[in-house]
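Here's a quick briefing to read with the model open beside you. Take a look at the structure first, then work through the notes by topic.

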Amino acid sequence: PLSAFTTELTSITNDMVKDAPTLDKVWPEIEKYFTNSVVIGHNVAAADLDALYRGLVRYNITPPEIYYVCTYRLSREKIPSFLVEDYSLPTLCNFFNIDIPKSHNPLYDACSASDLLDKLSAYAPFDIEKEIKLFSPKGESANIDLMSDKALKEAIHGLYGMLRGFELDGKVSRKEIEYIIKW
């Protein structure tokens with residue numbers, strides 16, 4: 001089941017995915033997008049690739065080496081903080097006049113991150129080869145999987161993901177504090 005945080009963030013509900021195939025079923029089709037290629041995303045290692053890694057481990061699939069470029073990290077390095085309110089994908093898309101119909105939608109986020117990489121390279125040129133990183137799972141998240149209580153494990157995964165999401169802009173907003181209290 002999806003956590004309340006994931007549903008609030010993405011607008012994806014448990015009902016929407018209840019009949020969807022599980023990762024072990026779709027991995028043979030999508031593996032090619034993660035191997036022998038470079039994944040481009042916004043905070044992609046901390047969020048998307050971390051979730052993918054946990055999912056692969058859950059289904060006893062050996063995670064491949066995955067290389068990525070993070071537009072969040074690049075934006076923080078290349079755009080002075082006084083020019084933007086934060087470094088979220090919608091804020092940066094607005095800064096560069098990139099159309100993003102809805103944030104936290106996988107297709108729109110992927111297209112926007114790709115467009116953002118193009119705009120960043122024009123704004124502050126860099127050597128793309130030096131920006132490609134090898135994904136390495138975070139130790140804290142991996143340790144959660146060692147817990148035996150399923151409900152506790154899910155709750156801690158939810159809290160961990162929520163906190164990782166909050167760290168995107170380096171600030172904790174009133175809305176985020178209220179969400180944690182409610183959670």
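Let's start with an acid that sits out of sight: Asp-50 is buried, with a relative accessible area of just 2%. Keep in mind that this is a predicted model. Asp-50 does have a charged partner, since its side chain forms a salt bridge with Arg-54. The notes below begin with that pair, then move on to the helix around it, the core, the other charged pairs, the cysteines and the surface.

**The Asp-50 pair**

- The closest N and O atoms of Asp-50 and Arg-54 are 2.8 Å apart.
- Both residues belong to helix α4, which covers residues 45–58, and they are four residues apart, so about one helical turn separates them.
- As a rule, residues three or four places apart in an α-helix point the same way, because the helix has 3.6 residues a turn.
- Arg-54 counts as partly exposed because its relative accessible area is 23%, and buried would mean under 20%.

**Helix α4 and its end**

- Which residues of α4 are buried? They are Ala-45, Ala-46, Leu-49, Asp-50, Leu-52, Gly-55 and Leu-56.
- Arg-58 also lies in α4, but this residue is exposed, at 64% relative accessible area.
- Arg-58 and Asp-24 are 34 residues apart along the chain, yet their C-alpha atoms are separated by 9.1 Å.
- Just after α4 comes Asn-60, with a positive phi of about 55 degrees.

**The nonpolar core**

- The largest nonpolar core has 30 residues, and Leu-49, Leu-52 and Tyr-68 are the ones with the most contacts inside it.
- At least two residues of this core come from each of α3 (23–30), α4, β2, α5, α6 (89–95) and α7 (106–123).
- Which helix gives the most to this core? That's α4, with four residues.
- Setting aside neighbours within four places in sequence, Leu-49 is in contact with Phe-34, Val-44, Ile-66, Tyr-68 and Phe-135.
- More broadly, nonpolar side chains tend to be buried together in soluble globular proteins.

**Other salt bridges**

- How many salt bridges turn up in a search of the whole structure? The search finds four.
- Arg-73 pairs with Glu-77, and their closest N and O atoms are 2.5 Å apart.
- Like the Asp-50 pair, these two are helix mates: Arg-73 and Glu-77 are four residues apart in α5 (residues 71–78), about one turn of the helix.
- Arg-73 is partly exposed at 25% relative accessible area, and Glu-77 is also partly exposed, at 47%.
- Glu-131 joins in too, as salt bridges with shared partners link Arg-73, Glu-77 and Glu-131 into one network.
- Asp-24 and Lys-25 also meet through their side chains in a salt bridge, at 3.3 Å from N to O.
- Asp-24 is partly exposed, with 26% relative accessibility, whereas Lys-25 is exposed, at 55%.

**Cysteines**

- If you were wondering about disulfides, a search of the whole structure finds zero.
- For reference, a disulfide is a covalent bond between the sulfur atoms of two cysteines.
- Is Cys-93 buried or exposed? Cys-93 is buried, because its relative accessible area is 0%.
- Cys-111, on the other hand, counts as partly exposed, at 40% relative accessibility.

**Surface**

- The chain exposes about 11,500 Å², and 55% of that is supplied by carbon and sulfur atoms.
- Val-38, Ile-40, Tyr-67 and Leu-134 make a nonpolar surface patch of about 300 Å².
- Tyr-67 is part of strand β2, which covers residues 67–70.
- With 32% relative accessibility, Tyr-67 counts as partly exposed.
- That's enough for Tyr-67 to enter a patch, because patch residues need over 30% relative accessible area.

**The whole chain**

- The chain has eleven helices and three strands, in the order α-α-α-β-α-β-α-α-α-α-β-α-α-α along the sequence.
- Of the 183 residues in the chain, 31% are buried.
- Among contacts with a separation of 6 or more, 63% are between residues 24 or more positions apart.

Notes:
Residues are numbered from 1 along each chain as its sequence is written. This is a predicted model: local features need pLDDT of at least 70, side-chain atom pairs count only at pLDDT 80 or more; totals for chains, interfaces and linings use all residues. Side-chain values use heavy atoms; hydrogens and water are left out. Buried means under 20% relative accessible area, exposed over 50%, partly exposed in between (1.4 Å probe, protein chains only). Contact means heavy atoms within 4.5 Å. Accessible areas come from the Shrake-Rupley method with a 1.4 Å probe; for residues, only the protein chains shown count as cover. Patches are made of residues with over 30% relative accessible area and no salt bridge: like charges are joined within 9 Å, nonpolar side chains (Val, Leu, Ile, Met, Phe, Trp, Tyr) within 5 Å. A nonpolar core is a set of buried Ala, Val, Leu, Ile, Met, Phe, Trp, Tyr and Cys residues joined through side-chain atoms within 4.5 Å. A disulfide is a pair of cysteine sulfur atoms within 2.5 Å.
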